[in-house]
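Student: I have a structure open and some labels I do not understand. Can we go through the reasons behind them?

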Amino acid sequence: MLRIEEEEFDRTVMITPTYDYLLVAASVLVSLMASFTGLTLTKGISALPAGRRKMQIVMAALALGGGIWSMHFVAILAMRFPLPIDYDSIYTLGSALIAILMAGLALLIMHFAPRTWVSQIVAGVILGNGIVVMHYVGMSALRGCLALYDPVGVILSVVGATVMGIIAISVAYAKRDTAHILASTVIFGSSVVVVHFVAIAWTSFQASDSFAGTTPLIENGMLALLVMFSAFVICGTFLLASTNYVFTGFGSAVTAGAPAAVFAGVPEGGEEPLPEEVLPAAFVPHGDAPRIPYERDKRTCFIPADQVIALRAEGHYTVLYTREEKLFCPWSISEAEKRLPDSVFLRTHRSYLVNIHQVTAFERHKDSGSCHFDGVQSLKLVPVSRGNIVVVREALGL
């Protein structure tokens, strides 16, 4: 709504807010749900085509950024001031946009740039400080009282958010399994809460009249509705993500001791497999070329191994490179190495398994090297580590 009032500030009256602890608990819950949802949505997307990968990153950024924003304003609504409080709509909505954009930028780095310790640190710094920037921009939206910041609180917030952001990214992308997703959820979800309440602990409030001029304001009740809607969307997405996650994890646990044919052949959701989808590479008829399973549209499909250029480790899974695209494979790199013939597929690097027949050029780099693949859109070259260079050169006849 619009309010036109005279500017009169009373900078002598200090305000000590009280808290609704149920809303404080709700803010913590929202932060954890959003963190889990966002991190789960990024699982396995490196194998997707660039367009679909970007859309998945957008969804994950909305969950993470929206969760940061929702946690902040649920916690603000938990504060009970002894005077009416409104919120500047530009700062309120701008803080949400900042959180989403910074979360999206961090995820873009992790899924489009080479995944090194440098990229993890940069992504962690951006993601963590997205919390800080969102917090202080969101605090600037308060109308009816003036927030005064102690430099100590700002420094602690920046340092804490940076460290916890880097740790959360490092844990989340160390291995893309259940334990690491849950651990990074707790770390990042906690970092949002910690940063907010540390910053609030070093913030004091002074009473002031409404700001002068024509200012678009959001009343306390309207903000509650906006936050409720955001939290509702996050809860719904969380339920979808967790249901998928639980059933996928349950299926993996059940089939851990079963033949590989059962695991590879059961589509997501536990439906009965089609007859031709039951047999993975290890179970194809004798004399046939081995096949490698990959996931597409919630189905397990297969590709002849000789059409695969290379496999790259992605946590407990792998990415298959063909001449036209990248595919998500449920095998780990170690499992792929055991199943595929070593006369064709060689381990060139701890993260790569290469079809030696597809190599079109080899380049030596002092103690290491690289295998090149001309005409392959999805993969130009693969590194060869120092420990594997002798075996690779022998296989290439060098």
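Tutor: Start with a definition: rings of Phe, Tyr and Trp pair if their centres lie within 6.5 Å. The model is predicted, and it holds six aromatic pairs.

Student: What makes F73 and Y87 an edge-to-face aromatic pair?

Tutor: Their ring centres are 6.3 Å apart and their planes meet at 80°. The cut-offs are within 6.5 Å for a pair and over 60 degrees for edge-to-face, so both labels apply. F73 is in helix α2 and Y87 in strand β5, 14 residues apart. F73 and Y87 are both buried. Ring pairs also link W69 with F73 and Y87 into a cluster.

Student: Why is the pair of Y317 and F328 called tilted?

Tutor: The angle between the planes is 45°. Under 30 degrees would be stacked and over 60 edge-to-face, so this pair counts as tilted. The centres are 5.1 Å apart. Y317 belongs to strand β13 and F328 to strand β14.

Student: How do you know that L225 is exposed?

Tutor: L225 has a relative accessible area of 51%. Exposed means over 50%, so L225 qualifies. L225 is in helix α7, and that helix gives the largest share of a nonpolar patch, four residues. The patch covers about 490 Å² and is made by L93, M222, L225, L226 and M228.

Student: Where does the charged end of R53 sit?

Tutor: The charged end of R53 sits over the ring of F112, 4.5 Å from its centre. R291 lies over the face of F302, at 4.7 Å from the ring centre. The distance limit is within 6 Å, so both arginines meet that part of the definition.

Methods. Residues numbered from 1 in each chain as written. Predicted model: local features only at pLDDT ≥ 70, side-chain atom pairs only at ≥ 80, totals over all residues. Heavy atoms only, no water. Patch = residues over 30% accessible without salt bridge, like charges linked within 9 Å, V, L, I, M, F, W, Y side chains within 5 Å. Areas by Shrake-Rupley, 256 points an atom, 1.4 Å probe, with all protein chains shown as cover. Salt bridge = Lys/Arg side-chain N within 4 Å of Asp/Glu carboxyl O. Helix = DSSP H or I, 4+ residues; strand = E, 2+ residues; numbered from the N terminus. Buried < 20%, exposed > 50% of the residue type's maximum accessible area, 1.4 Å probe, protein only. Lys NZ or Arg CZ within 6 Å of the ring centre and 35° of its normal.
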